[in-house]
Amino acid sequence: MSKEKHVKHISHEGPILSIDTDELFENNPERDKKLSQRRLARERVLQLLFSHAVNERDTDDLYAELIKSDVNLNEQALEFARQLLVFYNIHEADINTIITERLSNWDFSRVALIDKILIQLGIIEFKYFPEIPPKATINELIEIAKDFSTEESGKFINGILHAIKEDLTSKNEMNKEGRGLVEQSS
């Protein structure tokens with residue numbers, strides 16, 4: 001499969017615009033060295049899912065190309081990224097339903113792609129990573145939003161994830177244990 005590098009946007013009023021998708025997420029090796037391994041893995045999964053959504057490339061191919069080959073990720077971070085992707089691929093429809101139920105008076109398709117992906121990752125961590133406190137998940141995703149999305153994205157993601165956390169808790173769908181108990185990390 002050839003590597004897609006451009007997204008074409010057709011304007012009814014002018015020429016086709018082409019955006020080089022490789023430039024949207026230029027990684028900075030010096031910055032990356034300062035991040036925790038889980039934070040770096042989350043960022044790489046965000047990049048992968050963004051590329052998947054824009055270019056419609058297979059997530060397994062993208063994992064091999066963008067994450068598995070990343071020399072800045074240790075084995076634990078690679079496994080964390082792989083697990084995030086496995087749960088995403090298995091549960092994407094259910095996760096999107098959870099988000100849609102929480103977006104009162106807002107069309108899911110209007111949510112910025114990066115924000116949507118970060119919210120999806122938050123739900124995955126809430127439901128399928130018992131060792132990660134919900135508060136840590138929310139804080140990390142807000143920080144990533146500050147680096148990769150708009151100024152308002154952090155507030156939006158915070159509000160949606162807190163509401164979803166409460167919904168999942170009330171339905172006993174927050175599978176947390178040990179240090180990550182919901183009561184301890186609210």
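## Salt bridges and core of a predicted model

Asp 167 is partly exposed, with a relative accessible area of 26%. This residue belongs to a predicted model, and its side chain meets that of Arg 102 in a salt bridge, at 2.9 Å from N to O. Asp 167 lies in helix α7 and Arg 102 in helix α4, so the pair ties together parts that are 65 residues apart in sequence. Arg 102 also counts as partly exposed, because its relative accessibility is 31%, and the partly exposed range runs from 20% to 50%.

The structure holds 13 salt bridges in total. Three of them are set out in the table, with the N to O distance of each pair.

| Acidic residue | Basic residue | N to O distance |
|---|---|---|
| Asp 167 | Arg 102 | 2.9 Å |
| Asp 147 | Arg 39 | 2.7 Å |
| Asp 70 | Arg 44 | 2.5 Å |

The second pair in the table joins the side chains of Asp 147 and Arg 39. Asp 147 is part of helix α6 and Arg 39 is part of helix α2, so this salt bridge links parts that are 108 residues apart in sequence. Asp 147 is partly exposed, with a relative accessibility of 45%. Arg 39, in contrast, counts as buried, at 9%. Arg 39 and Asp 147 also belong to a network with Glu 43, in which salt bridges that share partners join the three residues.

The third pair is Asp 70 with Arg 44, whose closest N and O atoms are 2.5 Å apart. Asp 70 sits in the loop between α3 and α4, while Arg 44 is in helix α2, so the pair connects parts that are 26 residues apart in sequence. Both Asp 70 and Arg 44 are buried. For Asp 70 the relative accessibility is 12%, and it counts as buried because the limit for that class is under 20%. The side chain of Asp 70 has a further partner: it reaches the backbone nitrogen of Asn 72 at 2.8 Å.

Arg 44 leads on to the nonpolar part of the structure, since it is one of the residues that Ile 67 touches. Not counting residues up to four places away in sequence, Ile 67 is in contact with Arg 44, Val 45, Leu 48, Leu 62, Leu 73, Leu 78, Ala 81 and Leu 85. Ile 67 and Ile 164 are the residues with the most contacts inside the largest nonpolar core, which has 47 residues. Six helices each supply at least two residues of this core: α2 (37-55), α3 (59-68), α4 (75-102), α5 (113-128), α6 (134-148) and α7 (153-170). Of these, α4 gives the most, with ten residues. In soluble globular proteins, nonpolar side chains tend to be buried together.

A polar residue in helix α7 completes the account. Ser 153 is placed in that helix and counts as buried, at 2% relative accessibility. Its side chain makes a polar contact with the side chain of Asp 115, at 2.9 Å. Not counting residues up to four places away in sequence, Ser 153 touches Asp 115 and Ala 145.

Definitions and conventions. Residues numbered from 1 in each chain as written. Predicted model: local features only at pLDDT ≥ 70, side-chain atom pairs only at ≥ 80, totals over all residues. Heavy atoms only, no water. Core = buried A, V, L, I, M, F, W, Y, C linked by side-chain atoms within 4.5 Å. Buried < 20%, exposed > 50% of the residue type's maximum accessible area, 1.4 Å probe, protein only. Helix = DSSP H or I, 4+ residues; strand = E, 2+ residues; numbered from the N terminus. Contact = heavy atoms within 4.5 Å. Polar contact = N/O pair within 3.5 Å; in protein donor to acceptor, adjacent residues only side chain to side chain. Salt bridge = Lys/Arg side-chain N within 4 Å of Asp/Glu carboxyl O.
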